[in-house]
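This report walks through one protein chain, part by part, for a reader who is new to looking at such models. Please keep the sequence and the structure in view while reading.

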Amino acid sequence: MSRIQGPHRLPLLPVRNAVLFPHLIVPTSVSRASSIAAVEAALAREEKWIIALTQRDSALMEPAGQDLFEIGTLALVRRFARLDSSLEINLQGLVRIRVSNVSTLFFVVFVVRSVKKYQHTVGPF
């Protein structure tokens, strides 16, 4: 993977009912026209990077910037298959990122910032 330094201008994929974490590969179905265009834009780039941000309300069909969480995942589009009106893709999470001031859903400018890791404790409740 190339060294990640910001700012970058990358396509943005709003994700419903799921969170993509770094180091995981997740199969995803993409059916919205704007999301298909974002995936196609990522595939046209050398790095094949896309930003996955989870929607706050999964019922929204065309979310705006304020409808997305600001912490997301920089992802790599690993594989894709075109179906009748959708795409089936595999996304591999690369690194957690914080996105601020999403002005357009198709492309977003972001600066990579470290996101605090939360310690999880295992033990009696």
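In which loop does N17 lie? The residue N17 is found in the loop between β1 and β2, and more is said about N17 further below.

## The chain as a whole

The model discussed here is a predicted one. The secondary structure of the protein chain comes to one helix and six strands, and a reader who follows the sequence from its start meets them in the pattern β-β-α-β-β-β-β.

The protein chain has 125 residues, of which 40% count as buried. If one looks at the contacts in the chain with a separation of 6 or more, 67% of them are between residues 24 or more positions apart.

## Two residues with positive phi

Returning to the loop between β1 and β2, N17 has a positive phi of about 55 degrees, although N17 is not a glycine. N17 is also exposed, since its relative accessible area is 68%.

A positive phi is also found at K48, where the angle is near 65 degrees and the residue is again other than glycine. K48 belongs to the loop between α1 and β3, and with a relative accessible area of 28% the residue K48 counts as partly exposed.

## Two salt bridges

Side chains of opposite charge can pair when their charged atoms come close. The structure holds two salt bridges, and each of them is described in turn here.

In one of them, the side chains of E40 and R82 meet, with a distance of 2.9 Å from N to O. Because E40 lies in helix α1 (residues 33-44) and R82 in strand β4 (residues 71-82), the pair ties together parts that are 42 residues apart in sequence. The two partners fall into separate classes of accessibility: E40 is partly exposed, with a relative accessible area of 34%, whereas R82, at 51%, counts as exposed.

R98 forms a salt bridge with E70, and the closest N and O atoms of this pair are 2.6 Å apart. This pair, too, links distant parts of the chain, for R98 is in strand β5 (residues 87-98) and E70 is in the loop between β3 (49-54) and β4, 28 residues apart. R98 is partly exposed, with a relative accessible area of 26%, and E70 is likewise partly exposed, at 38%.

## Two buried residues, Q55 and L91

Is Q55 buried or exposed? Its relative accessible area is 4%, and so Q55 is buried, given that the word applies to values under 20%. Q55 lies in the loop between β3 and β4, and a polar contact of 2.7 Å joins its side chain to that of R32. Leaving aside residues up to four places away in sequence, Q55 touches P14, V15, R16, R32, L60, P63, D67, L68 and F69.

L91 is placed in strand β5 and is buried as well, with a relative accessible area of 3%. With residues up to four places away in sequence again left out, the residues that L91 touches include L13, L20, L24, I25, V26 and T28, and also I50, A75, L76 and V77. A further distance can be followed from L91 to A52: these two residues are 39 residues apart in sequence, while their C-alpha atoms are 9.0 Å apart in space.

## The second largest pocket

What volume does the second largest pocket have? The value is about 240 Å³, and of the 17 residues that line this pocket, the closest to its centre are P14, V15, R16, T28 and S29. Three of these names, P14, V15 and R16, have already appeared among the residues that Q55 touches, and T28 has appeared among those that L91 touches.

Strands β1 (8-15) and β2 (25-30) each supply at least two residues of the lining, and β2 gives the most to it, with five residues. Sorted by class, the lining of the second largest pocket has 11 nonpolar, four polar and two charged residues.

Note on methods: Residues numbered from 1 in each chain as written. Predicted model: local features only at pLDDT ≥ 70, side-chain atom pairs only at ≥ 80, totals over all residues. Heavy atoms only, no water. 1 Å grid on protein atoms, 1.4 Å probe; cavity = no way out; pocket = protein on both sides within 12 Å on 5 of 7 lines; lining within 4 Å. Points joined across faces, edges and corners; volume = space filled by probe spheres on them. Helix = DSSP H or I, 4+ residues; strand = E, 2+ residues; numbered from the N terminus. Nonpolar A, V, L, I, M, F, W, Y, C, P; charged D, E, K, R; others polar. Salt bridge = Lys/Arg side-chain N within 4 Å of Asp/Glu carboxyl O. Buried < 20%, exposed > 50% of the residue type's maximum accessible area, 1.4 Å probe, protein only. Polar contact = N/O pair within 3.5 Å; in protein donor to acceptor, adjacent residues only side chain to side chain. Contact = heavy atoms within 4.5 Å.
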